[in-house]
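Trainee: Please take one part of this model and examine it closely with me. I should like to begin with the contact between the chains and then follow the architecture behind it.

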Amino acid sequence: MDRERERPVQVRCNDLGEPEAFVLNRVTYGPLSVEDAWAYRQPWWQPGGDGSRQIYRVRSRAGHLFDLCKMPSGDWRISRLFD
Amino acid sequence: MAAHLHVHGPFSHLDGASSAADLAARAATLGHTALALTDHNSLSGAVVFQEACLAVGIRPIVGAELTVESALGTPSHITLLAPDQAGYRHLSQLISTAHLSRPRGQPMASQEALAAHAPYLIGLSGCRRGEVAHHLLLGHGEQAVEAARRLSGLFGKGRFFLEQEVCRLPGDRPLQRATRDLGQHLGISRVATSNAHYAVARDFWLHDLLVCIRTRCQVDDLGPERPMNDWQFLQSAEEMLCGLPDDPGAVAVTDQVAELCQPALPDARALFPAFALPPGLTSAEAYLRQLTERGAIWRYGQISSGLRQRIEEELAVIAQTNFTDYMLVVAEIAGWARKTGIRTSGRGSAADSVVAYCLGLTDVDAFARNLPFARFLSMGRTDPPDVDLDFDASRREEVAAHVAARYGPDHVAAVATYVRLEGRSAIREIGQALGLPRAELGAIARRVPYYVGADNLRQALVRVPELAQLQLEPGRMATLFAAAERLADWPRHLGTHLGGLVLTTGPVAEVMPLQMAAKGAVVGQFDKRDCEALGLIKIDLLHLRTLSAVDEAVTLSGVPWENIPSDDPATFHRLRQAETVGAFQLESPAQRALHRRMQGDRLEDVIAATALIRPGPIKGDMVAPFVRRRLGKEPVTYPAAGLEDVLQRTYGVVVYQEQVLEIAVRVAGFSPAEADQLRRTMSRARSKAQMQALGEVFCSRAVQRGVDGEAAGEIWQTLLGYASYGFAEGHAAAFGLIGYRTLYLLEHHSAVWYAALLNHQPMGYYPPQTLVTEARRRGIGVRGPDVNQSAMRWTVEDGALCCGLLQVRGLDQAEAERVLANRPYRTVRELAERTQLSRAALQQLAMAGALDGISSNRRNALWQIEGQAALRDLPDFTAARRLALEMAALGLAVSAHPLSFFRPSLERAGVLRTDQALCAPHRMQVAVAGALVRPHRPPTRSGERVVFLCLEDESGLLDVTVSEAVYRQSADAIFGPDAWLLAIEGTMREVGTGANLDAQRVTPLRTYLKQVGPAKLPLLR
């Protein structure tokens, strides 16, 4: 699988706000299991430093790992993909 | 519902970004019923935290995050909670052990210590630095099981919990699952925490900034300890559940743990030790009565009926308020000191007590002065009385050692004081963390007045002239100011209270954790306020350098200190001339100006003067009416009928705290306790609203007692003027007496007194240079140091002041002793060989002029110290250079005054000496030059920022007043980092028998002389 960086994706979330499926290149990946989740605060001392990114490391049904990043704007991106 | 059980506050020292009040308020907003505080190895914040929690109706849980030794290679963390008062005692002891068993600043409890106290505590496995989490993160399952099983065994079933951190860090989910599985495997409950370091997420930036300050990195730097996100706040239950989807039950367990914990701070009122009575006596009250009566005979010769009544009243209040043992304890300490020959003197409100006078705690006759005992102690008062005992500073530690020996070292501890973030330190520390240039920060910080708090920097930048002159662009500093405003008064590190000791019946480590302070003293983690809030009684054993100087001067001069005549005409003449530099409490420019105007001729004038130059009387405009009435230039009136006997001694003017109390009692019918509370509130009140509310209570109660409403308002306005810091009369009398007696020594044994003052620096208002200049002005010779002649310290030889070798900077006691032991010396080489002094020490001696007697000149001496043979024709430094080196080596100029080198140029420019200016006619325009001494900006009645300073030259001192307008133009010359020699143009103004210079232009001396004409000027710095 190609490595994708910071690419916008559409994500569907569950009641906890965690991703349960996403669509990339018109392909739907899901259901997803969340392997890990963390947040990263942007540099507050720099212009535009408000907000934090939330990153979910998810595994697809096919067993692939993805890092899905929820941006401060609310948009989702795939920050990393793993084979 | 959830309770946060792992929370850091300000006393985690640069690892907690929210105040106790903010944490408690947030918990209350979330609907929590309990909240824990778990600072790193500290309970310092526990008292304030408890108050904050109770104020918002939630249950405080006392705890700590303890550092524990482990086999991990690095110390591990564990979260401990005190379930009850017994648990608190064990937690306090455990933290004490962690501190006292390790080098200062590196607290760590041993596993054995943890095991000893764990059965009394609730344990949480801790953060990622906890032993269990550490093993789980590394995938060391077996070690994790072993650690969890061991810890669970230490605390007991149902008292140890695995901590499920919800901090949204990488690896959180796998760790949470592993912790859940471990708990299920061992049957240990898990409990959710957010390891909170701030109340709300938006305060994350403050925590990050604090971590940068603590780890000395800048915000742009990467730092392993810096938080990577903003989730370490007091999360709601919903937020916790979202972050812990694999073990949601751990959130509910927080409530179960909280239910195990009750408020645990002790009520320390009953913890003061009972005084060990002499054999045959069974009652402390009877023993205090016996000592008091014995003291009354000593003080008064016989006990009159009035005196008997007063003593009985005082003893009754002391007994009913349970302070009998306290009085016996402090009396024993003072008595021991006197027997041991340690000079002591009591002050504070204790001077309002006849019992204290009879016990020898103070030297103020409260009976003769009719001082109200209620200022010291009264029924209904909950705060402890205040006996401030001053001791000869050089022997104060002997007194503390006696107390430790008598009551047991485990039962005595010094009270803490916390060095807090204030204006200057905020500029430097926050600025450096933000990456602002150090040089710029230093330039700003050096100009920030000491009284500017971290939360006032923004205003100070505009309002303080020397800062305004920097023309900083506020936008650049916006983040710094915002952080400083939030972190104002944040505790930075622990220090030792000047004299406060607490004594306890049981081990003091059970009452508050102990740790080592910088100077090796064992200090409790509670400060004065905390001790008072808990009911811990503090004993103030203070050190007063003046008493050290007195002891030395009295020994040398043979003057009977206690029998110094209180009506010595020469001493009062000196007072009226305001030549009081060196006299305790009477030497400041404001005091000298007052004495010139007041023309005092009795001890009572001195006592009043010490109380008048305080913010309360000054702001209340009490000084001028007092002086006018004292001189008979204004009739004596009273604010209300029936107050004559209260205010008679001060001509109808409110000068002392006792008078405020008495007026409140007589006019508004306050009880003594209520009146004292009024005084305390008035002294501390900051807002107009508070004062207005107080005034309404006062007036309404006065009206109820039949006082006319308008009159009540006027009386309140009189008291309102006093609403700032003022002295108790007893305190003023104690200080006034010492002040008068030191003036007597200054008058009759000047050289001895100056030598004593110079031997106990730093003390007093003026720097040593001013004392030396004053001595010389009085015709006392001043000799520099000499390796063949000088003693260790300042001495008097043939009427001249002789500089001691210890005045030489860089020469320590042992080196000075070697110099004395091996003399005489004929050459520099002999000196070097016999004393084996370091080259640096020898250079300092040469620069100070101490080798003048064994070397042809100072340059040659320095040459020889470098190992070279003496050069016959090597010329000496110029006189100015010699003086510059001398000042560098001694910290003062002994051989000449720096101004003398400018005198030819000054005379050509028409600049007067200070003694010439003092003789100039009223309103004459003059220019005077001198060294800047103690510029300061005290509160003024008008609110205007006026600078008072002294100019010092070879002929003496001149007091100068700088108006706000002039100050604004010349702020950097006065308060800048290089401020020293100045030329001041202005107008002379008569003040009583003396004069003052009203400045119109203040200029650095070199700049001034260049402006008035070409001159070759010496370089002294």
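Mentor: Read from its start to its end, chain A has the pattern β-β-β-β-β-β-β, that is, seven strands and zero helices. The model is predicted. Of the 83 residues in chain A, 24% are buried. Among the contacts in chain A with a separation of 6 or more, 34% are between residues 24 or more positions apart.

Let us turn to the contact itself. There, 13 residues of chain A meet 19 residues of chain B. On the chain B side, helix H7 (172-186) and helix H8 (204-214) are the elements that contribute two or more residues. That side of chain B consists, by class, of eleven nonpolar, five charged and three polar residues.

Helix H7 of chain B leads us from the contact to a sheet. This sheet of chain B is open and has six strands in the order E1-E2-E3-E4-E5-E6, with mixed pairing. Its edges are strand E1 (34-40) and strand E6 (190-193) of chain B, each of which pairs on one side only. With direction ignored, neighbouring strands in the sheet are turned by 30° against each other on average. Within it, strand E4 (residues 122-124) and strand E5 (residues 160-165) of chain B run parallel and are joined by two bridges; B:Leu124 stands opposite B:Phe161 in E5(B). H7(B) packs on this sheet, where it touches E5 and E6 of chain B, and its direction makes about 160° with that of E5(B). Helix H7 of chain B therefore appears twice in this account: it packs on the sheet, and it gives residues to the side that touches chain A.

For the wider setting, chain B is divided into six parts: domain 1 (10-260), domain 2 (269-403), domain 3 (422-489), domain 4 (546-736), domain 5 (749-894) and domain 6 (899-1012). Between domain 1 and domain 2 of chain B, the C-alpha centres lie 47 Å apart.

A further sheet of chain B may be set beside the one above. It is open, with three strands in the order E14-E16-E15 and mixed pairing. Strand E14 (782-783) and strand E15 (795-797) of chain B each have a single partner strand, so one side of each is left without a neighbour in the sheet. E14(B) and strand E16 (residues 800-802) of chain B run parallel, joined by two bridges, and B:Arg783 stands opposite B:Cys802 in E16(B). Here, helix H34 (residues 750-759) of chain B packs on the sheet and touches E15 and E16 of chain B, its direction making about 150° with that of E15(B).

Key:
Residues are numbered from 1 along each chain as its sequence is written. Chains are lettered from A and ligands numbered from 1 in the order in which they are written. This is a predicted model: local features need pLDDT of at least 70, side-chain atom pairs count only at pLDDT 80 or more; totals for chains, interfaces and linings use all residues. Helices (H or I, at least four residues) and strands (E, at least two) are DSSP runs, numbered from the N terminus. A residue is buried if 20 or more other C-beta atoms lie within 10 Å of its own, exposed if 12 or fewer, and partly exposed in between; C-beta atoms are placed from the backbone. Two residues are in contact if their C-beta atoms, placed from the backbone, lie within 7 Å. Domain bounds come from an automatic or database domain assignment. Ala, Val, Leu, Ile, Met, Phe, Trp, Tyr, Cys and Pro count as nonpolar, Asp, Glu, Lys and Arg as charged, and the others, Gly among them, as polar. Two strands pair if DSSP finds at least two bridges between them. Axes are lines fitted to C-alpha atoms, for helices over the stretch in contact, and angles run from 0 to 180 degrees between N-to-C directions.
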